[in-house]
Amino acid sequence: MNRPTPRRVEGTYYALTLGSTLAASFIWGINTLFLLDAGLTNLEAFAANAFFTAGMVIFEIPTGVVADTLGRRASYLLGTLTLAITTFAYWVMWVQQAPFWAWAIVSVLLGLGFTFFSGAVDAWLVDALRATGYRGALETVFGRAQVVAGVAMLTGSVAGGVIAQATDLGVPFLVRAGVLVAMLVIAAVLMRDLGFTPVRGATPMAAVRDVMRSSVRHGLGRPPIRWLMIASPFTTGVGIYAFYALQPYLLELGGDDGAYALAGLAAAVISGASIAGGALAPVVRRLVRRRTTLLLVSAATSAAVLVAFFFVRELWVAIALLAAWGIASSIGQPAQRAYLNDMIPSAQRATVLSFHSLLGSAGGVAIQPALGRAADVGGYGFSLLWGGIISTVAIPFLAASRAQHDPADTAVAPGEVVGDEPSPRPAD
């Protein structure tokens with residue numbers, strides 16, 4: 001194998017991002033319609049999504065510990081295998097019109113698959129970049145990855161909607177399972193743990209205890225991270241609901257419940273917005289001195305757009321708002337990921353990032369069924385209005401993280417200028 005370089009690490013990260021997002025996005029545009037077609041009500045469909053999110057809550061920390069003990073590569077491979085199996089199980093349940101309890105169980109296991117990814121992949125990237133001498137800004141890499149993910153999502157979501165329109169709602173799930181099997185092979189060949197030594201020799205319980213203790217100290221024990229984590233349930237929980245609710249919302253405005261390609265368009269517009277947000281994020285970051293500025297603007301704008309959906313009656317206006325929501329939600333993501341990673345030591349990185357993801361998933365567990373019920377009572381626009389209101393709760397916590405004045409808030413690559421002055425220290 002060639003000597004690892006930052007470029008090679010970036011290339012591997014982009015390949016993993018491309019494949020994983022492409023696989024996932026085949027069903028993003030039609031997932032809610034798929035669940036409803038399986039005989040579930042709106043409440044049951046979003047409750048199934050909530051069980052998926054509950055699985056992420058339950059397994060986030062254990063799988064984060066797996067990444068920090070057995071290794072990030074092992075965690076990624078386990079996640080890919082789990083997702084392939086549970087995606088196929090979804091298709092089987094759809095064919096058999098399975099009862100709700102079966103959807104609940106498999107949704108929890110589907111959440112398990114994603115928890116192997118959360119924290120592990122970003123932790124692998126940051127450690128590998130630093131081990132190979134990367135000196136650039138993390139926002140640049142995360143921004144490019146967001147563009148790659150957006151392209152994959154655009155391709156997969158449109159293809160998934162078109163495939164469902166031409167065949168049925170189950171075929172995109174089979175395609176997704178096939179792509180995941182291919183990614184299992186690709187990751188096994190390309191991915192190697194660099195700049196990180198998995199824990200060896202300790203008993204599993206001792207390893208879990210040691211990593212958890214250190215993770216709490218370096219996560220919740222550090223105020224700027226703690227406030228960011230507390231904000232996560234409101235932004236992430238609402239964001240998960242809004243993404244899936246916007247599919248039937250557009251169909252409702254369009255007046256055709258069978259226009260699956262339009263549902264795919266909803267995911268495609270969001271993916272296009274994610275591409276734009278990822279491309280703009282490094283540019284905008286150079287215009288502002290503090291990363292938390294982007295986080296606050298992103299959260300406030302996203303909430304305002306969700307509220308605006310309630311007042312929309314024209315399909316084209318809703319699509320324009322959808323694009324605005326996608327850009328507002330995505331433009332702050334690279335800065336948030338860089339902000340977090342700059343504050344977390346390598347040995348606890350995957351677990352702390354997983355804990356941050358856990359809190360966001362916990363918000364989804366509570367928020368999705370509640371907003372799903374609001375959609376049953378007052379329509380999707382009404383539920384999105386409440387989603388916007390709930391997400392504003394995150395803003396004071398983001399402001400509290402900003403008030404800590406952590407050096408990571410202003411960290412940039414050596415020699416780079418942000419706002420009107422250079423950063424006082426490099427990002428690493």
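The paragraphs below lead through this predicted model, from its overall make-up to its cores, its surface and its salt bridges. Because the model is predicted, local features need pLDDT of at least 70 and side-chain atom pairs count only at pLDDT 80 or more, while totals for chains, interfaces and linings use all residues. Residues are numbered from 1 along each chain as its sequence is written, and side-chain values use heavy atoms, with hydrogens and water left out.

The protein chain has 17 helices and two strands, where helices (H or I, at least four residues) and strands (E, at least two) are DSSP runs numbered from the N terminus. Of its 428 residues, 57% count as buried; buried means under 20% relative accessible area, exposed means over 50%, and partly exposed covers what is in between, with a 1.4 Å probe and protein chains only. The accessible surface of the protein chain comes to about 16,000 Å², and 69% of this belongs to carbon and sulfur atoms; such areas come from the Shrake-Rupley method with a 1.4 Å probe, and for residues only the protein chains shown count as cover. Among the contacts with a separation of 6 or more, 85% are accounted for by residues 24 or more positions apart, a contact being heavy atoms within 4.5 Å.

The interior comes next. In soluble globular proteins, nonpolar side chains tend to be buried together. Here the largest nonpolar core has 82 residues, and those with the most contacts inside it are Y13, F34, Y90, W103, Y249, F309 and L322; a nonpolar core is a set of buried Ala, Val, Leu, Ile, Met, Phe, Trp, Tyr and Cys residues joined through side-chain atoms within 4.5 Å. Helix α10 (residues 223–254) gives the most to this core, with 11 residues. Apart from it lies another core, of 20 residues, among them L295, A299, L359 and L398. W103, leaving aside its neighbours within four places in sequence, is in contact with F34, L35, A38, L40, Y90, M93, W94 and A98.

Individual helices and residues show burial in other ways. Helix α14 (residues 333–341) is largely enclosed by the rest of the structure, because seven of its nine residues are buried, namely P334, A335, Q336, A338, Y339, L340 and N341. S383, in helix α16 (residues 380–391), counts as buried at 0% relative accessibility, and beyond its neighbours within four places in sequence it is in contact with Y241, L371, A374 and A375. D68 lies in helix α3 (residues 42–69) and is buried, with a relative accessible area of 2%; its C-alpha atom is separated by 6.6 Å from that of A347, although the two residues are 279 residues apart along the chain.

On the surface, V185, I186, V189 and L190 form a nonpolar patch with about 310 Å² of accessible area together. I186 has its place in helix α8 (residues 171–190) and counts as partly exposed at 35% relative accessibility. Two loop residues have a positive phi although neither is a glycine: Q97, at about 50°, and H405, at about 55°. Q97 lies in the loop between α4 (72–96) and α5 (100–115) and is partly exposed at 44% relative accessibility, whereas H405 lies in the loop between α17 (394–402) and β1 (417–418) and is exposed, with a relative accessible area of 56%.

Charged pairs complete the picture. There are eight salt bridges, each a side-chain nitrogen of Lys or Arg within 4 Å of a carboxyl oxygen of Asp or Glu. R144 forms one with E10, the closest N and O atoms being 3.3 Å apart. This pair links distant parts of the chain, with R144 in helix α7 (residues 138–166) and E10 in helix α1 (residues 6–25), 134 residues apart. R144 is partly exposed, with a relative accessible area of 45%, while E10 counts as buried at 11%.

R222 forms a salt bridge with D406, and their closest N and O atoms are 2.8 Å apart. Since R222 lies in the loop between α9 (204–218) and α10 and D406 in the loop between α17 and β1, the pair ties together parts that are 184 residues apart in sequence. D409 forms a salt bridge with R290, with the closest N and O atoms 2.9 Å apart. D409 counts as buried at 1% relative accessibility, and R290 counts as buried at 13%. Salt bridges that share partners also join R130, E139, R291 and D342 into one network.

Terms used: Patch = residues over 30% accessible without salt bridge, like charges linked within 9 Å, V, L, I, M, F, W, Y side chains within 5 Å.
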